[in-house]
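User: I would like to go through this structure with you, starting with charged contacts and then turning to the metal site and the internal spaces.

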Amino acid sequence: RCHLAPGEKLKLGNSIDASLDLWSRGDVQTCTDWGAPVIWDGMFDPDHYDQEHRRNHSSVSLTVFAVGRYLDAYLEAFLLSAERHFMVALPVTYYVFTDVPERVPNIQLGPGRSLKVVRVQRHSRWQDISMMRMRAIADAIESQIRRYSRYVFCFDVDQVFVGRFGSEALGDSVALLHAYYYHRPQSLYTYDRNPRSRAYMETGDFYYHAAVFGGSWQTVKNMTETCYQTIMEDKENQVEALWHDESHLNKYLWLHKPSRVLSPEYCWSSDIGYRGDIYVTRMLWAKKKYDTLRITE
Ligand code: 2GW
Ligand code: MN
């Protein structure tokens, strides 16, 4: 069922997807070998998706971390762009995790949209700031998110929405193809290759980018709890995976296949330059400010 002709219809996924059509495309892989759709521009009718999710009363929480200097550097542009492009047809709750709640910008939100601030501690090592997001997300899902939202999407803050990031991206377990690796052979994927790490893997399916992942609250809770556990086991064994939480997420998604995969349109880097298969960009990486933001350990 993965070898579809261009223009052929896919009927896959959860009950909401089952009533929606996806069309194949001739130039890219639109279906994984376990039957999950890979979402590219031109495959879906945005209005059908929005109508169906509204009928089903779908609601979405977005989590984003802005700890230390990342708050002033990125958060406002991230939130303003999310207001314009992220799940505009649906109720959205933003969860901003920060150590400096008083500095969260006061943004005018659209109807049906709200923002909550969660205080987190600031870890001294940046690797820990990144990895400990897993624990904080799982806790927030358990204590709050599960009561308000069916879906959860988790984002890096150093990026901006530039096009529709809509209900076509929703599913039980959603992962994103990393813009730098979707064209590359598997041997170049930067999986963790140290057998002493719980993130170790020799082969996998794709290289997923931890800057965007999501799913139903149940699935994201399991995903983040499991990644947190494997991260902590590594700490006990005094190893750290090559790409930190991203390595652990890749391992999880290899063992628990995502039900929906997002094309790199959903998190593109302008540094890559022109690619014929990228018709639209929906989110772009912000410029890295390593010199000023990556203070040494
Ligand atoms: C991160 C690195 C160096 C110095 C500071 C920080 C930092 C990160 C920080 O001071 N404050 C903070 O809130 N963060 C959060 O962690 C923020 O949400 C940021 O987007 C996220 C990940 O850090 P980032 O974006 O600098 O790392 P990337 O873009 O290289 O991310 C990839 O690899 C990471 C693991 O090394 C994560 O897996 C991330 O999800 C990946 O996109
Ligand atoms: Mn990032």
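Analyst: A salt bridge here is a side-chain nitrogen of Lys or Arg within 4 Å of a carboxyl oxygen of Asp or Glu. This is a predicted model, in which local features need pLDDT of at least 70 and side-chain atom pairs count only at pLDDT 80 or more, while totals for chains, interfaces and linings use all residues. Residues are numbered from 1 along each chain as its sequence is written, chains are lettered from A and ligands numbered from 1 in the order in which they are written, and side-chain values use heavy atoms, with hydrogens and water left out.

User: Which residue meets glutamate 225 in a salt bridge?

Analyst: Glutamate 225 lies in helix H6 (residues 217-236), and 4 residues away in that helix, about one helical turn, is its partner; helices (H or I, at least four residues) and strands (E, at least two) are DSSP runs, numbered from the N terminus. The N to O distance of the pair is 3.5 Å, and the partner is lysine 221.

User: Is lysine 221 buried or exposed?

Analyst: Buried means under 20% relative accessible area, exposed over 50%, and partly exposed in between, with a 1.4 Å probe and protein chains only. Glutamate 225, at 26%, counts as partly exposed. Lysine 221 has a relative accessibility of 17%, so this residue counts as buried.

User: How far apart in sequence are the parts that arginine 282 and aspartate 41 tie together?

Analyst: The two side chains form a salt bridge at 3.1 Å, N to O. Arginine 282 lies in the loop between strand S11 (260-262) and strand S12 (283-285), and aspartate 41 in the loop between strand S3 (38-39) and helix H2 (46-55), so the parts they tie together are separated in sequence by 241 residues.

User: Which residue of the pair arginine 55 and glutamate 52 is exposed?

Analyst: These two residues form a salt bridge whose closest N and O atoms are 2.9 Å apart, and they sit 3 residues apart in helix H2, about one helical turn. Glutamate 52 is buried at 14% relative accessibility. With a relative accessible area of 62%, the exposed residue is arginine 55.

User: Which residues coordinate the manganese ion (ligand 2)?

Analyst: Donors are N, O and S atoms within 2.8 Å of the metal (3.2 Å for Na, K and Ca), and because water is not among the atoms, sites may look incomplete. One coordinating residue is buried at 19% relative accessibility, and another is buried at 8%. The contacts run from 2.2 to 2.5 Å, with one OD contact from the first residue and two from the second, and these residues are Asp156 and Asp158.

User: What is the volume of the largest cavity?

Analyst: On a 1 Å grid over the protein atoms alone, a cavity is a set of points where a 1.4 Å probe fits but cannot get out, and lining residues have an atom within 4 Å of a point; grid points are joined across faces, edges and corners, and a volume is the space filled by probe spheres set on the points. The search of the whole structure finds 2 cavities of 30 Å³ or more. The largest cavity has a volume of about 70 Å³.

User: Which residues that line the largest cavity are the closest to its centre?

Analyst: Elements giving two or more residues to this lining are strand S4 (60-65), helix H5 (133-148), strand S7 (151-155) and strand S10 (208-216). Of the 13 lining residues, the closest to the centre are Arg133, Ile137, Cys154, Phe155 and Phe213.

How values were computed. 1 Å grid on protein atoms, 1.4 Å probe; cavity = no way out; pocket = protein on both sides within 12 Å on 5 of 7 lines; lining within 4 Å.
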